[in-house]
Amino acid sequence: MTNYWPEGWLVNTAQNHSFCQNISGLREALHSQTILEARACVCTPEHDLVIDFGFCKGKIPRCEGAVGISDGTTRDIALLSRVNKPVCFVVQSIEQNPDGSFTPILSRRLAQQRCLEESIRHLHAGDIIPARVTHLEAFGCFVDIGCGIPSLIPIDCISVSRISHPSDRFRTGQDIYAVVTDVDQNLRVSLSHKELLGTWEENAALFSSGETVSGIVRSVEHYGVFVELAPNLAGLAEPKDGVKVGQQASVYIKNLIPEKMKIKLIIIDSFDPPGDVPAPITPLRYFIDSGHLDHWVYSPAVSNKKIETFFA
């Protein structure tokens, strides 16, 4: 299966720079039909995207801005929302203007169509894929699964631990893994995330009784406070005055009870994050057999250099 990356992964790679730094590089990309990335700087009143190469500006005509724009199945907000962000494309032609300057004509739609046919069509339930968070809604997390093609992780599929909003777990622009649950006949991909965050036992093995560790307050009840220690692991602390949902907490692990899948905690301290800092999220730790990642040598912790090999 050919790898196609979420938008923004190629833009800073050396090979992308070599194609996008001058007109001869773009001509080479036109000949090879290489998928490139550059920043969209303007969406015109006609909803054409203007792409800034530095030495010249290219154009993605509205109908070439995304799969589904021409037939109305994709709304134009998909174009407007790309301004000031990297977009992928293939070079369709290079027009020379009367003043001698050049205007490359580009197609994001063709890049997406290739991604659908050569990558997404071959996905199956259980496949683990990389994705980039694009925006968050109360009902779930939208992600880019390749060339700007969107998919949704419903809120109840984000983690086993109950969260009030996807922002409890993710940030826009964050790179994550997701597991495919279904691909329908129209190549719409359904995703989940919670299965990759480990079982109770796997997460609990990272902690020991007697430790004092950091956590996030997720629920305050009359009988106690639920504190999240890991995305799929929470413990119950004794009630404490002044504790509020969303606070950071330092907690003493009083007892781990594997047979009941429970953790007893004592809150040492709790505090609000600084006013200019987003609400805290628990760092993600994936429990994935490396055999499931044969097609993907990407980890959210590594740089774009890991994908240079697959730039084509």
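Two strands count as paired if DSSP finds at least two bridges between them. Strands themselves are DSSP runs (E, at least two residues), as are helices (H or I, at least four residues), and both are numbered from the N terminus. Keep those ideas handy as we walk through this chain.

Some ground rules come before the tour. This is a predicted model, in which local features need a pLDDT of at least 70 and side-chain atom pairs count only at pLDDT 80 or more, while totals for chains, interfaces and linings use all residues. Residues are numbered from 1 along each chain as its sequence is written, and side-chain values use heavy atoms, with hydrogens and water left out. As for pLDDT, it is the predictor's confidence in each residue, from 0 to 100. The chain averages 89, and 90% of the residues score at least 70. Over residues 294-312, though, the pLDDT is below 50, and this stretch has 43 contacts in the model beyond near neighbours in sequence. A contact here means heavy atoms within 4.5 Å.

Now for the overall picture. The chain has five helices and 15 strands, and its C-alpha trace spans about 75 × 40 × 35 Å along the principal axes. Of the 312 residues, 45% count as buried, a word that means under 20% relative accessible area (exposed is over 50%, partly exposed is in between, with a 1.4 Å probe and protein chains only). Among contacts between residues at least 6 apart in sequence, 64% join residues at least 24 apart.

Let's start with strand β9, which covers residues 175-183. On one hand, β9 pairs with β6 (residues 128-137) in the antiparallel sense over five bridges, and I128 stands opposite V179 in β9. On the other, four bridges join β9 to β10 (residues 189-192), again antiparallel. One of the matched pairs there is V183 with V189, its bridge partner in β10. The hairpin of β9 and β10 has five residues between the strands, and in it L187 takes a positive phi near 65°.

V189 deserves a closer look. Sitting in strand β10, V189 counts as buried at 9% relative accessibility. What does V189 touch, not counting residues up to four places away in sequence? The list is I120, L123, I145, S151, V180, D182 and V183. V189 and I149 are 40 residues apart in sequence, and their C-alpha atoms are 9.6 Å apart in space.

While you have strands in view, here is a handy general point: in a regular strand the side chains alternate between the two faces of the sheet.

Next, find the barrel. Five strands close into it in the order β11-β12-β13-β15-β14, with mixed pairing. From one strand to the next the twist averages 50°; the angles are taken between N-to-C directions of axes, which are lines fitted to C-alpha atoms (for helices, over the stretch in contact), and run from 0 to 180 degrees. Within the barrel, β11 (residues 212-221) and β14 (residues 248-257) pair in the antiparallel sense over five bridges. I216 stands opposite Q248 in β14.

Strand β12 (residues 224-230) holds E228. Is E228 buried or exposed? With a relative accessible area of 1%, E228 is buried. A polar contact of 3.2 Å joins its side chain to that of R218. Such a contact is a pair of N or O atoms within 3.5 Å; within protein, one must be able to donate a hydrogen and the other to accept it, and residues adjacent in sequence count only if both atoms are side-chain atoms. Leaving aside neighbours within four places in sequence, E228 is in contact with residues including S161, R169, G215 and T282.

Another polar contact turns up at D168, in the loop between β8 (150-154) and β9. D168 counts as buried at 14% relative accessibility, and its side chain meets that of S164 at 2.8 Å.

Finally, the aromatic rings. Rings of Phe, Tyr and Trp (its six-membered ring) pair if their centres lie within 6.5 Å; planes under 30 degrees apart count as stacked, over 60 as edge-to-face and the rest as tilted. The count comes to six aromatic pairs. W5 and W9 have ring centres 5.3 Å apart and planes at 25°, so they are stacked. Both residues are buried, W5 at 5% and W9 at 1%. Y177 and Y286 are edge-to-face instead, 5.3 Å centre to centre with 80° between the planes. Y177 lies in β9 and Y286 in the segment after β15 (262-271), so this pair ties together parts that are 109 residues apart in sequence. Ring pairs also link F53, F55 and F89 into a cluster.
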